[in-house]
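This report looks at one helix and its surroundings. Please keep the sequence and the structure in view while reading.

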Amino acid sequence: MTTGTGKGGARQSFLPLVLDVALPLGSYYLLKSGFGMSTVAALGWSSVVPAVRTGWTAVKDRRLNGLAALILIVNVAGLLMSFVTGDPRLMLAKDSAVSSVVGIGILLSVRLGKPMMTTVLAPSVTKGSAARTEAWERLLNGSARFRRAERTFSTVWGVALLTECVLRVVGAYTIPVDTMVWLGSVVMVVTIVGAVLVSGGLAVVPMKIMLENELTDGPVEAK
């Protein structure tokens, strides 16, 4: 039972990586080298799946997700602009616009006291347990240290995405297009792995320890 859930969770974790990285990357080279499409056309068609997935996720959830809608708008605007200008480098640079929008949004949410990445963080810490969820809420209300860790998690991801944005924009206009197509994906994967490791060490692990202590010792006083 647990194993099945673990495998399902792993599939869910890797599916976005396959759809947003592996599929666009593979389809770009297939369309360009296998079907003889131009660089602009190959980039455009290989970007369709991530754009459609973003829109479909918003429709499937049956609720307006402002961030998902913004990402979709950036994708569509970038594609249209690139086809109009015929500049493949602009098409590569527009991917970094998505990272910058998300990164800025995350950092603003931290500034406003409502860290956006908590929606990702909370399930990984509470693990669907009612008792752990109640302990999470108590810590948010009673522990300043716990809240700092919560903000740190989002801050790490916001900074990581903005850094990725800068690297991909510079690469889009200084590195050959064919090279940057795969290198951009490498930069994205390295950014994600780095953010997972850093945010895990600075926030997730300490929060899990505090939550376990909360479950064992009972409510803590504000610190």
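## A helix and its neighbours

In this predicted model, the N-terminal end of H7 is capped by Ser 129, with a side-chain oxygen 3.3 Å from the backbone nitrogen of Ala 131. Helix H7 itself covers residues 130-142. At 1.5 Å a residue its 13 residues should span 18 Å, and the end C-alpha atoms are 18 Å apart, so the expected and computed spans agree.

The buried residues of H7 are Arg 132, Ala 135, Trp 136, Leu 139, Leu 140 and Gly 142. Helices H6, H8 and H9 are what these buried residues pack against; their residue ranges are listed below.

| Helix packed against by H7 | Residues |
|---|---|
| H6 | 118-126 |
| H8 | 144-174 |
| H9 | 177-217 |

On the H6 side, Thr 126 is found in that helix. Its relative accessibility is 8%, which is under 20%, so Thr 126 counts as buried. Leaving aside neighbours within four places in sequence, Thr 126 is in contact with Arg 132, Thr 133 and Trp 136.

Towards H8, Trp 136 takes part in an aromatic pair, and the count of such pairs comes to one. The partner is Phe 146: the ring centres lie 5.2 Å apart and the planes meet at 85°, which is over 60 degrees, so the pair is edge-to-face. The pair links distant parts of the chain, with Trp 136 in helix H7 and Phe 146 in helix H8, ten residues apart. Both Trp 136 and Phe 146 are buried.

Notes:
Residues numbered from 1 in each chain as written. Predicted model: local features only at pLDDT ≥ 70, side-chain atom pairs only at ≥ 80, totals over all residues. Heavy atoms only, no water. Helix = DSSP H or I, 4+ residues; strand = E, 2+ residues; numbered from the N terminus. Expected span 1.5 Å × (residues − 1). Buried < 20%, exposed > 50% of the residue type's maximum accessible area, 1.4 Å probe, protein only. Contact = heavy atoms within 4.5 Å. Polar contact = N/O pair within 3.5 Å; in protein donor to acceptor, adjacent residues only side chain to side chain. Phe/Tyr/Trp six-rings, centres within 6.5 Å; stacked < 30°, edge-to-face > 60°.
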